Amino acid sequence: MKHSEFYLLADYIYDNFGIKISENKMNIFEVKISKLIKSAGVNSIEEYYVLLNNPKEKRHLTQFLNEITINKTDFFREINHFNYIRDNMNNIIKNNPRINIHKEIRVWSSACSTGEEPYTIAMILKEYLPPDITIKILATDISERVLEQAIKGEYKEIVKEQVPPIFLNKYFTKKGKNYEVIPEIKKTITFRSFNLKENFPFKSNFDIIFCRNVMIYFDNPTKKTLISRYARLLDKGGLLVIGDSEAITENKHEFGLLKSSIYTKL
């Protein structure tokens with residue numbers, strides 16, 4: 001892969017999806033692109049680039065996104081976030097009057113991958129939220145492949161190592177060697193395809209937004225814009241949860257730190 005070819009696609013990814021691919025990952029990137037070019041039946045990166053920009057060939061863009069995005073997630077990953085929600089449920093409700101007024105809690109898992117994060121959120125809320133409050137979770141991701149798996153809600157046996165036994169027995173059913181999330185939990189979640197680089201179309205605000213281990217792939221201007229958009233979607237007192245290795249550094253006037261990687265809208 002020539003440097004000009006690498007930057008043709010790397011710039012396309014950044015401009016359209018906000019993901020920054022560094023030059024030191026060019027070899028790994030080339031392997032993925034070679035596979036995609038062969039699958040598309042074209043002979044060059046330039047021809048493949050034309051396909052990506054053709055609205056009539058959306059399947060190639062879908063395959064491209066499925067290949068370049070990283071989807072690493074587990075149930076109860078970075079458990080301190082879920083423990084915080086469990087231990088501070090009363091304060092969360094108190095600081096978000098909308099929850100009691102409308103008798104619902106609105107949560108956005110903005111990079112949900114294969115579904116483990118929103119299902120974990122749903123189980124925690126089901127377990128510790130007052131029963132008269134309806135749970136509404138929006139779960140989005142840019143990859144349609146991972147969304148298909150998330151909607152199915154069926155996971156391999158490794159789930160036993162990630163989910164506490166009390167939750168496993170209560171919120172999953174055995175399906176052969178696999179485990180499937182029960183319908184009661186599934187119905188609290190709406191899965192949608194969404195690109196975080198696009199304008200946010202939401203009409204109603206959220207009480208909690210999760211954006212964990214995503215912004216590490218964005219440059220500072222993209223992060224700053226995204227965090228401001230999250231701020232506009234949260235009422236005062238709402239929570240923004242980011243990855244343990246991340247921090248808000250440039251939008252301090254919009255968020256206050258509650259605990260490492262957990263912020264409140266000011």
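## Helix packing, rings and serines in a predicted model

S228 sits in helix α13 (residues 220–232); here helices (H or I, at least four residues) and strands (E, at least two) are DSSP runs, numbered from the N terminus. This is a predicted model, in which local features need pLDDT of at least 70, side-chain atom pairs count only at pLDDT 80 or more, and totals for chains, interfaces and linings use all residues. Residues are numbered from 1 along each chain as its sequence is written, and side-chain values use heavy atoms, with hydrogens and water left out.

**Serines to look at**

With a relative accessible area of 15%, S228 is buried. Buried means under 20% relative accessible area, exposed over 50%, and partly exposed in between (1.4 Å probe, protein chains only). Leaving aside residues up to four places away in sequence, S228 touches N251 and E254, where contact means heavy atoms within 4.5 Å.

S193 belongs to strand β6 (residues 189–193) and is partly exposed, at a relative accessible area of 43%. Not counting residues up to four places away in sequence, S193 touches D141, I142, E144 and L147. From S193 to S110 the chain runs 83 residues in sequence, while in space they are 9.9 Å apart, C-alpha to C-alpha.

Two further serines have a backbone feature worth a look. Most residues other than glycine have a negative phi. S113 and S261 have positive values, as the table shows.

| Residue | Phi | Loop | Relative accessible area |
|---|---|---|---|
| S113 | near 50° | between β1 (104–109) and α8 (116–128) | 5%, buried |
| S261 | near 70° | between β9 (255–259) and β10 (262–265) | 2%, buried |

**How α1 meets α2**

Two packed helices are described by the angle between their axes and the distance between the axes. For helix α1 (residues 3–17) and helix α2 (residues 26–40), the axes come within 11 Å and cross at roughly 80°. Those axes are lines fitted to C-alpha atoms, for helices over the stretch in contact, with angles running from 0 to 180 degrees between N-to-C directions. The two helices α1 and α2 are therefore roughly perpendicular to each other; angles under 35 degrees count as roughly parallel, over 145 as roughly antiparallel, 65 to 115 as roughly perpendicular and the rest as oblique.

Which residues in α1 and α2 meet? From α1 come H3, F6, L9 and I13, and from α2 come M26, F29 and I33. By class, this contact of α1 with α2 has 6 nonpolar, 1 polar and no charged residues. Ala, Val, Leu, Ile, Met, Phe, Trp, Tyr, Cys and Pro count as nonpolar, Asp, Glu, Lys and Arg as charged, and the others, Gly among them, as polar.

**Rings and charges**

Rings of Phe, Tyr and Trp (its six-membered ring) pair if their centres lie within 6.5 Å; planes under 30 degrees apart count as stacked, over 60 as edge-to-face and the rest as tilted. By this rule there are 23 aromatic pairs. One of them, Y12 with Y49, is edge-to-face, at 5.7 Å centre to centre and 80° between the planes. Y12 lies in helix α1 and Y49 in helix α3 (residues 45–52), so the pair ties together parts that are 37 residues apart in sequence. Y12 is buried, at 7% relative accessible area, whereas Y49 is partly exposed, at 27%.

Ring pairs also link W108, F194, F200, F202, F206 and Y230 into a cluster. Within that cluster, F206 has R106 over its face, at 4.6 Å from the ring centre. Similarly, K197 lies over the face of Y14, at 5.2 Å from the ring centre. A charge sits over a ring if NZ of Lys or CZ of Arg is within 6 Å of the ring centre and within 35 degrees of the ring normal.
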